[in-house]
Amino acid sequence: MAPPPLDLARIRAITLDLDDTLWPVWPTIERAEQVLLAWLHRHAPRTAALVADRASAQAARAAVRAAHAERLHDLAFLRRELIRHQLREAGDDPQWADTAFEAFHAERQRVDLFDDALPALRALSARYPLVALTNGSADVARIGIAAYFQAAVSAREVGVAKPDARVFLAGAAAAGWPPEQVLHVGDDPALDVAGALAAGMQTVWVDRKGEAAKPGAERPLPHAVVRGMDELVALLGVDRP
């Protein structure tokens, strides 16, 4: 059964996903991985060779996830431990993992915002408290958009990842409103829409690729679908500053 139409009168705050909602995440990750590989080529070439080998990298990733199954919600931790694992496997000093990770992580914060992201953040934050809600390791302060957010909540801090309802409840608490008065906005039906619905929130799916119009597997139904952040601003009737 589909949720009822979006009730604008109930919305007092917004929780907002980051990766693939405000910027495309995979180009960012790919650049960060290239920066990491370049660092390793300079300081730990044996490890660089392992990292560059696809089969070896996949095996290392699986080993780290199996060894730290209780920390799968913490992507920064997993990345650091992956680097440490690969350094050790190559016979290099595993203590370099922290420095190598920082090279990766710094580049991870260099995102290319979608054209509609900043205007939407300006407009929405002038009307509603905004809380960033992410499974990833993006840092709104290092990215330079913290001024638009009242708070930022990550899976690492909560101890579980979306779609677990506890992430969304933590976001609502950070916004200062009960979940039924908070709108969650995100790009992923399985992670964003399903989790927010389970927490009692209204939801908007930012469907930049037009997936909602395509036949396919059943997915959780949001209260509304928009093709971008500019459509979200229009849907909510928010004046652009």
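In the predicted model, Arg 71 is placed over the face of Phe 77, with a distance of 3.7 Å to the ring centre. A second arrangement of this kind involves Arg 80, which lies over the face of Phe 101 at 4.2 Å from the ring centre.

Phe 101 also takes part in an aromatic pair, and a search of the whole structure finds 1 such pair. Its partner is Phe 104; the ring centres are 6.3 Å apart and the planes stand at 35°, so the pair is classed as tilted. Both residues belong to helix α5 (residues 97–108), where a spacing of 3 residues separates Phe 101 from Phe 104 by about one helical turn. In an α-helix there are 3.6 residues a turn, so residues three or four places apart point the same way. Phe 101 and Phe 104 are both buried.

The largest nonpolar core comprises 33 residues, of which Ile 14, Leu 22, Leu 124, Ile 145, Phe 149 and Leu 236 touch the most other members. At least two residues of this core come from each of β1 (13–16), α6 (117–127), β2 (130–134), α7 (140–143), β4 (182–186), β5 (202–206), β6 (224–226) and α11 (229–236). The largest contribution is that of α6, which gives 5 residues. Beyond its neighbours within four places in sequence, Leu 124 is in contact with Ile 14, Leu 130, Met 229, Leu 232, Val 233, Leu 236 and Val 238. Apart from this core lies another, of 15 residues, including Ala 32, Leu 36, Leu 40 and Phe 101.

Within α6, the buried residues are Ala 117, Ala 120, Leu 121, Ala 123 and Leu 124. The elements that cover them include β1, β2 and α11. Ala 123 is also touched by Asp 239, which in addition touches Arg 127, residues up to four places away in sequence not being counted. Asp 239 is found in the segment after α11. With a relative accessible area of 63%, Asp 239 is exposed, because this value is over 50%. Between the C-alpha atoms of Asp 239 and Leu 169, which are 70 residues apart along the chain, the separation is 28 Å.

Helix packing was examined for α2 (residues 45–52) and α4 (residues 75–90), whose axes are 8 Å apart and meet at an angle of about 115°. The crossing of α2 past α4 is right-handed. On the side of α2 the contact is formed by Arg 46, Thr 47, Leu 50 and Val 51, and on the side of α4 by Gln 86, Leu 87, Glu 89 and Ala 90.

Thr 28 is situated in helix α1 (residues 25–43). Its relative accessible area of 1% is under 20%, and Thr 28 is therefore buried. Not counting residues up to four places away in sequence, Thr 28 touches Trp 23, Glu 107, Arg 108, Arg 110 and Val 111.

Two backbone features occur in loops. In the loop between β1 and α1, Asp 20 has a positive phi of about 70° although it is not a glycine. Asp 20 counts as partly exposed, at 26% relative accessibility. The loop between α8 (155–158) and α9 (165–175) contains Pro 163, and the peptide bond from Lys 162 to Pro 163 is cis, with omega near 15°.

Technical notes:
Residues are numbered from 1 along each chain as its sequence is written. This is a predicted model: local features need pLDDT of at least 70, side-chain atom pairs count only at pLDDT 80 or more; totals for chains, interfaces and linings use all residues. Side-chain values use heavy atoms; hydrogens and water are left out. A nonpolar core is a set of buried Ala, Val, Leu, Ile, Met, Phe, Trp, Tyr and Cys residues joined through side-chain atoms within 4.5 Å. Buried means under 20% relative accessible area, exposed over 50%, partly exposed in between (1.4 Å probe, protein chains only). Helices (H or I, at least four residues) and strands (E, at least two) are DSSP runs, numbered from the N terminus. Contact means heavy atoms within 4.5 Å. Rings of Phe, Tyr and Trp (its six-membered ring) pair if their centres lie within 6.5 Å; planes under 30 degrees apart count as stacked, over 60 as edge-to-face and the rest as tilted. A charge sits over a ring if NZ of Lys or CZ of Arg is within 6 Å of the ring centre and within 35 degrees of the ring normal. Axes are lines fitted to C-alpha atoms, for helices over the stretch in contact, and angles run from 0 to 180 degrees between N-to-C directions. A crossing is left-handed if the near helix is turned anticlockwise from the far one by less than a right angle, and right-handed if clockwise.
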